[in-house]
Amino acid sequence: MIYNLSARLKQLRQEKHLKQEQVALLVGVTKSAVSAWELDMRQPSYEALIRLAELYRVSTDYLLGRTYSRSIDLTGLTNAEIALICELVASMKAKNQKLEEFI
């Protein structure tokens with residue numbers, strides 16, 4: 001069984017505010033296929049898995065539960081812009097860590 005694939009597919013779809021019909025159209029499958037994936041009744045083909053990873057801008061390893069980190073495509077950004085994003089991520093991690101200490 002592929003760990004958490006169904007939950008991750010549903011979460012990513014909802015984060016992008018997409019309907020199953022829209023994902024199906026973008027990936028080139030039927031709505032019932034997307035529904036079956038999200039209900040953990042079927043698994044996507046290799047080709048569909050790659051298209052899903054591209055659609056959601058995550059790695060196939062993330063979809064399959066082999067890693068918990070998501071990647072961000074920084075192509076086309078300047079070094080200064082990349083540095084700003086890295087600073088923002090570090091700041092958010094620090095804030096969340098402080099919040100967790102209070103809980």
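Me: Is the crossing of helix 1 and helix 4 left-handed or right-handed?
Reply: This is a predicted model, where local features need pLDDT of at least 70, side-chain atom pairs count only at pLDDT 80 or more, and totals for chains, interfaces and linings use all residues. Residues are numbered from 1 along each chain as its sequence is written, and side-chain values use heavy atoms, without hydrogens and water. A crossing is left-handed if the near helix is turned anticlockwise from the far one by less than a right angle, and right-handed if clockwise. For helix 1 and helix 4 the crossing is left-handed.

Me: Which residues of helix 4 make the contact with helix 1?
Reply: Helices are DSSP runs (H or I, at least four residues), numbered from the N terminus. Contact means heavy atoms within 4.5 Å. Helix 1 contributes Leu5, Leu9, Leu12 and Arg13, and helix 4 contributes Leu49, Leu52 and Tyr56.

Me: At what angle do the axes of helix 2 and helix 3 cross?
Reply: Axes are lines fitted to C-alpha atoms, for helices over the stretch in contact, and angles run from 0 to 180 degrees between N-to-C directions. Helix 2 covers residues 20–27 and helix 3 residues 31–38; their axes come within 8 Å and cross at roughly 110 degrees. Angles of 65 to 115 degrees count as roughly perpendicular, so helix 2 is roughly perpendicular to helix 3.

Me: Which ring does the charged end of arginine 8 sit over?
Reply: A charge sits over a ring if NZ of Lys or CZ of Arg is within 6 Å of the ring centre and within 35 degrees of the ring normal. The charged end of arginine 8 is 4.2 Å from the centre of its ring, that of tyrosine 62.

Conventions. Helices (H or I, at least four residues) and strands (E, at least two) are DSSP runs, numbered from the N terminus. Angles under 35 degrees count as roughly parallel, over 145 as roughly antiparallel, 65 to 115 as roughly perpendicular and the rest as oblique.
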